[in-house]
Amino acid sequence: MPEDDGLMRVFWPTDLPRSDCKGVVVGWRNSALDVLVVAVLEEVEPRRVESALKLGNLLRNAPHPVSRIYEQCGKSSISVLGVSNTPDTVEVDSSWIRVMISPKQRVPSVTCARASSIQIILFERPLPGRMQYMSLNPIALALGDKHDGFRQDFADSGEEDDEKRERLNKETKRKLVEKLKQHSVVKRIPSPKERTLATIVNQINWAWELEKLLQQNVSRIGTRPKRALSVSERVVESATTARDMILVWLWDMITIYVLPVIKKLFVLGLMAHRVVAEMLLRILEWRLRPRYAALKDISATAQQVEIRLQQFCYWPMQYVTLRLRKNDWASVTTSHPDYIRFYNSLWLVANDVIIGMAFGSYIIDNADWVANEISRLLTTYTVEALQSSISWLMGWPAGLKLNTELAAFLGDLFLWVIEYWASCIETIRPMLPRIVLIIGFSSFAGASMPLALFSDLLSILTIHIYSFYLASARIFHWQLNILQSLFHLFRGKKHNVLRNRIDSCDYGLDQLLVGTILFTVLFFLLPTVVVFYLNFAIARMAIILFKACFDTALSCLNHFPLFALMLRVKDPKRLPGGIRFELRDTQDLSAICNDNNPLRQHPSTSVISLQPIPLDFKSMFYQYFQMGNRIRKHYLSPRVVLCLLTGKFVPPLNRKNLYSLQYSMLPAKRAGVMEMWDAVNSLPASKRKSMPVQVPILANGRNRFPSNYGGGRARSYG
Amino acid sequence: MLTTTPYLTTRRPSPTTAEFTLTTCPPLTLPLRAALFGVLCLRFIAVLSVMIGIYSAFFHPSGLLPPPIFPSGRITLLDFDLNNFLLHMLHLLYVSSPGQSLAHLAVPLPPYAVLALSGITAYIALFARIHTTESLLVLRGLGIQMSSNVGGGYFRLGGGTYMKRTRFIPTEKIQDILINEAFKGFEVRYYLVIVVEGEEDVVVCFPRLLPRRKIVEKVWRGARGCLYEKDGPVMSAGAGGGSTHNGNWRGGNEKG
């Protein structure tokens with residue numbers, strides 16, 4: 001009776017070289033019947049391979065610490081898994097597998113004495129040199145959940161209704177799921193085989209590098225190490241060495257004396273920049289009281305400056321982590337998302353600057369025209385259009401018979417303010433070309449800068465519309481409230497504030513009379529107020545729409561996943577979005593097995609191919625969808641419609657909500673100045689370690705064989 | 001004629017691996033292939049007419065017959081240029097009588113209407129699905145994978161497979177597999193549910209087809225047997241299938 005359930009699982013790389021030679025299959029044994037093949041070593045004795053693996057001979061000359069492999073792959077040793085193309089007459093261990101492969105056959109046929117059924121899972125090894133890898137979960141392009149707690153703090157200070165509702169929904173759902181757990185009749189404890197899937201994916205990621213290393217060292221088993229150089233070869237070598245010596249000496253001089261100075265200066269410059277950035281950021285984030293808005297919450301420009309400064313602060317840290325990646329095996333995949341994020345933000349800034357230069361030079365060249373155009377738009381749309389619409393409302397618009405006196409009063413009031421505002425704009429007008437020039441020059445810092453400035457300019461220049469909207473909304477709201485309570489009086493009821501309900505009430509005759517008269521008067525005056533309110537509300541909504549357009553453009557310039565999109569087209573394996581399995585037809589395999597060996601009892605075999613799936617576009621733009629959802633929920637919710645109808649103030653979307661995009665790219669808490677100093681200074685130390693590997697000529701020139709270097713190092717692990 | 005009620009196909013090469021496929025595509029017989037080819041032709045014609053519509057609306061808005069680009073009507077190999085060639089082909093199509101009748105339809109419409117109409121037509125022609133195929137792949141020790149077809153399914157005609165959208169759930173994440181009932185319209189539907197640990201929503205298998213209870217029960221039994229059962233009727237049946245091992249592993253078609 002086979003142990004476990006007799007199910008053997010063999011992971012087999014399809015891109016292993018296939019040949020007819022006898023060989024030894026080497027790989028990871030995750031449990032007795034669960035193996036992952038790393039390499040097939042040809043023309044060697046299984047016993048010798050076993051002993052070499054025990055001694056660590058096969059992992060010599062490793063460029064990086066070998067212990068790291070075992071740590072990442074979750075096993076303490078590589079073992080011999082079986083033999084390939086070996087006749088059945090040869091006795092092998094019962095847990096070993098026998099593999100038949102040939103160049104023609106794509107799928108190997110596997111048998112094992114202890115297995116009653118076999119799953120062969122074929123996979124193509126990701127190339128670590130090209131930063132391909134597999135993962136069970138989609139690659140996280142956004143920066144982890146680290147900032148969630150931070151957001152929570154934020155939310156507590158001024159949590160909005162919709163956010164609160166969202167949280168409550170989540171809570172109820174979580175409770176439901178908890179309840180569902182109690183419905184499970186039997187709680188199965190997953191077997192070790194089921195739990196190793198994550199480890200196996202890691203081992204698959206390591207397979208390529210490990211196979212290279214093993215194949216490199218195969219010659220060590222059984223054959224002598226390399227012979228020493230012959231006399232003639234030595235002569236040639238010393239001649240070339242003599243020529244190289246001078247170059248090497250020169251290069252040495254530069255690296256020892258010039259380079260460190262430059263590097264030091266660069267680091268100092270970086271630190272000075274960091275200190276200035278810190279001061280500016282402090283100003284931008286300064287709040288009068290904790291609950292009050294900071295500068296960056298009000299102005300788009302301030303927020304843009306803040307994003308750029310944060311990015312500049314974050315880049316050195318990112319660069320340091322990416323440099324440290326070089327000192328490790330290429331198969332370690334933890335920093336790949338960092339790589340994508342880093343280059344994405346670099347590329348976006350470069351793009352931004354390029355677009356900004358084109359945009360800026362256009363604006364500077366046509367500054368007068370742009371200024372004229374802006375002032376023309378201002379006068380036509382924010383002054384004249386408003387004036388004409390108000391005068392239209394004053395004279396019975398569209399046949400509506402409004403109250404003439406009230407309309408005239410309101411209209412005159414607003415017209416008077418508009419006239420005052422128009423005179424203010426007149427005083428600004430001569431300065432407009434200069435402002436446009438400033439905007440034009442600012443765009444050399446990126447196209448996002450003038451966009452943000454234009455957005456702010458728009459909100460400053462339409463401040464009168466905002467205030468009109470506020471005033472008319474307030475009047476309308478009051479009137480509506482009064483009408484409501486007078487209507488209750490009209491019915492002989494009143495609103496009980498203490499119990500929050502409608503009670504009946506005995507009013508006196510005079511009370512009723514006065515209330516009814518007031519109700520009638522106010523009711524007939526209502527349409528006049530409504531039209532004025534609607535007029536300004538529509539203008540306000542139009543401005544909000546414009547600002548939303550600006551914000552969308554800004555977020556596209558700042559956070560578009562450009563690099564990820566490029567990778568998705570160029571090499572989808574670098575953006576893993578999970579794995580998938582495909583069941584292959586096994587008829588051809590069974591036919592081959594039967595032909596080869598009709599007598600052998602062949603276990604039932606299923607061939608499955610394991611493929612990575614690339615990240616889908618939906619999760620690439622996940623942050624955008626989330627932000628869009630939030631905006632939609634804020635502006636298109638019934639609550640907002642109700643607010644509009646009753647004249648309550650519709651709060652603009654808080655800039656805080658737009659931060660979710662920003663924090664997908666930047667850490668919520670930036671690294672301090674000292675932290676950065678430490679990080680930047682830690683870099684050279686790590687570099688010194690790897691230097692001898694990079695400059696083999698140097699070692700050669702001092703009459704040392706470069707191959708000895710690594711060997712000496714690897715011996716300590718053997 | 002092109003589709004049937006969804007039926008179940010099971011592939012089970014070994015007792016620990018099973019694929020349950022639910023499809024509305026009947027077995028590919030010759031008449032069906034011919035019909036599918038006809039549909040493909042219809043799609044092609046629709047795309048062509050969209051191109052002609054756009055060409056006539058934006059290049060010849062007057063509706064008059066313009067002179068051809070290559071006056072002689074034939075192209076020599078020497079001055080072959082792909083763009084010109086395509087334009088010329090489009091022009092020939094435009095000049096032909098069906099093209100002209102289409103152009104007469106398109107010209108009086110405003111340009112945005114033409115654009116919208118042609119966009120909708122092209123989308124339907126390229127991406128409309130005839131068949132729905134959903135499958136559940138159960139691998140002991142690994143997990144369950146659900147897949148459903150996306151796109152027009154052009155390769156199906158040649159006997160190929162669909163493009164798929166898949167989702168894999170590792171076994172250790174699977175808390176339970178169960179059959180649940182729900183009201184949909186005026187009927188009760190039984191559906192297969194996978195409860196995934198650490199997820200807010202349960203995962204519904206065969207969400208588009210939502211098969212009848214008989215099929216759901218069969219899949220449920222098969223999936224549980226394949227995932228969990230150490231030994232039992234399923235195992236012995238599988239061993240029997242294995243012992244014959246003469247290629248009868250593909251399982252039969254079971255009409256549901």
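**Note on the predicted two-chain model**

1. Residues 109–130 of chain B form a span that is 77% helix and 0% strand, with end C-alpha atoms 31 Å apart. The model under discussion is predicted. A further span of chain B, residues 36–59, is 100% helix and 0% strand, and its end C-alpha atoms lie 34 Å apart. Both stretches carry the UniProt annotation "transmembrane region", taken from an unreviewed entry.

2. Chain A has annotations of this kind as well. In an unreviewed entry, UniProt places "transmembrane region" at residues 248–272, 346–364, 406–423, 435–454, 511–536 and 542–567 of chain A. Two of these spans can be compared with the model. Residues 346–364 of chain A are 100% helix and 0% strand, with 26 Å between the end C-alpha atoms. Residues 511–536 of chain A are likewise 100% helix and 0% strand, and here the end C-alpha atoms are 36 Å apart.

3. As to confidence, the predictor assigns the complex an ipTM of 0.75 and a pTM of 0.78. For chain B the mean pLDDT is 78, and 77% of the residues reach 70 or more. Residues 231–256 of chain B have pLDDT below 50, although this stretch has 36 contacts in the model beyond near neighbours in sequence. Where pLDDT is low, the predicted coordinates should not be read in detail. Among the elements of chain B, the lowest mean pLDDT, 35, belongs to helix 6 (residues 233–244), and the highest, 92, to strand 8.

4. The domain assignment divides chain A into domain 1 (7–139 + 198–219 + 577–614) and domain 2 (358–561). Domain 1 of chain A is thus assembled from three listed segments. The centres of domain 1 and domain 2 of chain A, taken over C-alpha atoms, are separated by 72 Å.

5. Which residues have the most contacts inside the largest nonpolar core? They are Val10(A), Val26(A) and Val38(A), in a core of 83 residues. Helix 6 of chain A (residues 197–217) makes the greatest contribution to this core, with 10 residues. Leaving aside residues up to four places away in sequence, Val26(A) touches Val38(A), Ala39(A), Leu41(A), Val49(A), Ile78(A), Val80(A), Leu81(A) and Leu214(A). A second core, separate from the largest, has 17 residues, including Leu386(A), Ile390(A), Ala407(A) and Phe468(A).

6. Chain A also offers a hairpin for inspection. Strand 8 (residues 493–496) and strand 9 (residues 501–504) of chain A are paired in the antiparallel sense over 4 bridges. Lys494(A) has Asp503(A), in strand 9 of chain A, as its bridge partner. Between the two strands of this hairpin there are 4 residues, and Asn500(A) takes a positive phi near 60°.

7. The secondary structure of chain B comprises 6 helices and 9 strands. Three of the strands make an open sheet in the order 6-7-8, with antiparallel pairing. Strand 6 (174–184) and strand 8 (203–204) of chain B are the edge strands, each pairing on one side only. Strands of a sheet pair through backbone hydrogen bonds, either parallel or antiparallel. In chain B, strand 7 (residues 187–196) pairs with strand 8 in the antiparallel sense over 2 bridges. Val193(B) stands opposite Val204(B), which is in strand 8 of chain B.

8. Two figures describe chain B as a whole. Of its 256 residues, 27% count as buried. Among contacts in chain B with a separation of 6 or more, 60% are between residues 24 or more positions apart.

9. Two backbone angles deserve a check. Most residues other than glycine have a negative phi, and most peptide bonds are trans. Met131(A), which is not a glycine, nevertheless has a positive phi of about 65°. Met131(A) is placed in the loop between strand 7 (117–123) and helix 3 (146–157) of chain A. Leu210(B), also a residue other than glycine, has a positive phi near 45°. The position of Leu210(B) is in the loop between strand 8 and helix 5 (213–227) of chain B.

10. Are these two residues buried, exposed or partly exposed? Met131(A) has 18 other C-beta atoms within 10 Å and is therefore partly exposed. Leu210(B) has 19 C-beta neighbours inside 10 Å, so Leu210(B) also counts as partly exposed. The cut-off behind both assignments is that a residue is buried if 20 or more other C-beta atoms lie within 10 Å of its own.

Note on methods. Residues are numbered from 1 along each chain as its sequence is written. Chains are lettered from A and ligands numbered from 1 in the order in which they are written. This is a predicted model: local features need pLDDT of at least 70, side-chain atom pairs count only at pLDDT 80 or more; totals for chains, interfaces and linings use all residues. Domain bounds come from an automatic or database domain assignment. UniProt positions are given in the numbering used here, feature names are shortened, and annotations may be inferred rather than shown by experiment. Two strands pair if DSSP finds at least two bridges between them. A residue is buried if 20 or more other C-beta atoms lie within 10 Å of its own, exposed if 12 or fewer, and partly exposed in between; C-beta atoms are placed from the backbone. Two residues are in contact if their C-beta atoms, placed from the backbone, lie within 7 Å. pLDDT is the predictor's confidence in each residue, from 0 to 100. A nonpolar core is a set of buried Ala, Val, Leu, Ile, Met, Phe, Trp, Tyr and Cys residues joined through C-beta atoms within 7 Å.
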